[in-house]
Amino acid sequence: MTALLDSGAGGTPPPSLRKVRQAVVVGSALEWFDFYLYASMAALVFAPIFFPSESSATGTLAALATFAVGFLARPVGGILFGVLGDKIGRKKVLSISFVLMGVSSGLIGLIPSYAHIGVAAPVLLVLFRILQGLGAGAEVGPAMAVSYEHADPKFRGRQGAWTAIGVNIGLFASALVVTGLTSIDRELLQAWGWRIPFVASFVLVAFGFWIRRQMPETPEFEQIAEKAPSRGKARPLRELFRSDWRGLAVVMAITFGYNAVSYTFKTFSLSYLTQFRDVAANVGAFGIMLASACAILIAPLAGRLCDRIDAGRVIIVGALATAALAFPFFWLLNSGQSTYIWMALILASGVIVPGMLAASGSFLARQFPAEVRTTGLGTGREVAGAVAGGLAPLGALTMVTMSADHDTWGVSLLFVVGAAFIAAGCVFDQKRRVESRAVSPTDTEAQDLQDTGPGSASHQP
């Protein structure tokens, strides 16, 4: 694994690049450990603790609704911290996002149950989930920008995969914890066992914050800040919608499809197996753990492949594979056999999804110039991701619940639609357009004056 990461710079990376790699990989792993942990607990544990109901399916729907609430908060975090990333720097934003995520996750572990404080329990859960969503929304865009902007152009695919590696390490760690917790007595799990990994976030956040403070700022942002000392007064969101709306549309299309597919594979499948197939919770959790272990190996390999055949092609192959697996995925789950269930989860969440995520690191970052990169990534990824990632698992569970025979064909069609969005986004890649413009902050300010001056005759699109 170390060899795969180090090769991103054509050899052993210098100390500064090692710090960048550690900040992106370790920081993303710790942050997404908290985020995926919540997803698993919402599907498996939170219903009786915070949403007691005579119907277990109704309680699970309510718990997954809080998962969706976190996604609705992510666009706010993505836009706000994306703008700040283009104004004050990527490094500061990544430090803030980590603290926000870690503290809110730790507080979730301290919430009393509904039986002890009544309606205040789900209210606090929703509040801290919103804060989690803000932190998660602030994370991926700046992390992708940092990996991309520190890379040699020949190795942007490999370094662009750093975020995906961190995300999958976090998923593996959370799946390992969930597998262990679901293997203990059910009463102990609901009484206090589920709280342990959340409270541990207080310790993890201190470690991750220290790592991210050691990371250097990106060369591209430093150049922008040097050319425009008044960068704090810049308006990257306005620049984004004026000049780079095409790149924004590409990012939104790919993210919409990817998140709908990814979170339905990972989150809905756990609820489906336990609620409708009477499969033990630890079987699905162990399958996700196996898939995430596989993903840790697939992500750097996909990144290396992006430097050979282009990231866009890698993503399109992933989209086609998603569509091909749409119906066989449920054939394997419905078998009820642990081996087949694990095979389905490994193919979906261990190979296809992480391959696309690794390739998207460099592909999405190249849709924008450096002046609006974190704004574009944060806005595009989180707005589309909130709709797809938050509502797709909830919609899938609703469709199956309302079906008399608990049919899954509607969920399979959801996978096909998601794959179509991903492929469509790749077709309209804006790489050449962004490279041909190469607009500096000084040029942009001069163009603004020309456009608004009394003698202006044209407008830069």
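**Exercise 1.** Determine whether Asp310 is buried, partly exposed or exposed in this predicted model, and describe its backbone and surroundings.

*Solution.*
Step 1. The relative accessibility of Asp310 is 28%. Buried requires under 20% and exposed over 50%, so Asp310 counts as partly exposed.
Step 2. Asp310 is located in the loop between helix H17 (281-309) and helix H18 (311-325).
Step 3. Although Asp310 is not a glycine, its phi is positive, at about 85°.
Step 4. A side-chain oxygen of Asp310 comes to within 2.9 Å of the backbone nitrogen of Gly312, at the start of H18.

**Exercise 2.** Establish how the buried and exposed residues of H18 are arranged around its axis.

*Solution.*
Step 1. H18 comprises 15 residues and spans 21 Å from its first C-alpha to its last, close to the 21 Å expected at 1.5 Å a residue.
Step 2. Its buried residues are Ala311, Gly312, Val314, Ile315, Gly318, Ala319, Thr322 and Leu325. These cover an arc of only 160° around the axis and therefore lie on the same side of H18.
Step 3. A general property of the α-helix is relevant here: with 3.6 residues a turn, residues three or four places apart point the same way.
Step 4. The face turned away from the buried side of H18 carries the exposed residues Arg313, Val317, Leu320 and Ala324.
Step 5. The cover over the buried residues of H18 includes H16, H17, helix H19 (328-334), helix H20 (338-365) and H22.

**Exercise 3.** Identify the residues with the most contacts inside the largest nonpolar core, and the helix that supplies its largest share.

*Solution.*
Step 1. The largest nonpolar core has 87 residues, and Phe329 and Phe415 have the most contacts inside it.
Step 2. Helix H16 (residues 245-276) supplies the largest share of this core, 14 residues.
Step 3. Leaving aside residues up to four places away in sequence, Phe329 touches Phe265, Ser269, Ala344, Leu345, Ala348 and Phe415.
Step 4. Another core, of 25 residues, lies apart from the largest one; Phe51, Ala63, Ile108 and Val178 are among its members.

**Exercise 4.** Classify Glu149 as buried or exposed and find the polar partner of its side chain.

*Solution.*
Step 1. Glu149 belongs to helix H8 (residues 140-149).
Step 2. Because its relative accessibility is 4%, Glu149 counts as buried.
Step 3. The Glu149 side chain forms a polar contact with the side chain of Thr218 (2.7 Å).
Step 4. Beyond four places in sequence, the residues that Glu149 touches include Arg90, Pro219, Phe221 and Arg373.

Technical notes:
Residues are numbered from 1 along each chain as its sequence is written. This is a predicted model: local features need pLDDT of at least 70, side-chain atom pairs count only at pLDDT 80 or more; totals for chains, interfaces and linings use all residues. Side-chain values use heavy atoms; hydrogens and water are left out. A nonpolar core is a set of buried Ala, Val, Leu, Ile, Met, Phe, Trp, Tyr and Cys residues joined through side-chain atoms within 4.5 Å. Buried means under 20% relative accessible area, exposed over 50%, partly exposed in between (1.4 Å probe, protein chains only). Helices (H or I, at least four residues) and strands (E, at least two) are DSSP runs, numbered from the N terminus. Contact means heavy atoms within 4.5 Å. A polar contact is a pair of N or O atoms within 3.5 Å; within protein, one must be able to donate a hydrogen and the other to accept it, and residues adjacent in sequence count only if both atoms are side-chain atoms. The expected span of a helix is 1.5 Å times one less than its number of residues. The arc is that of the directions from the helix axis to the C-beta atoms.
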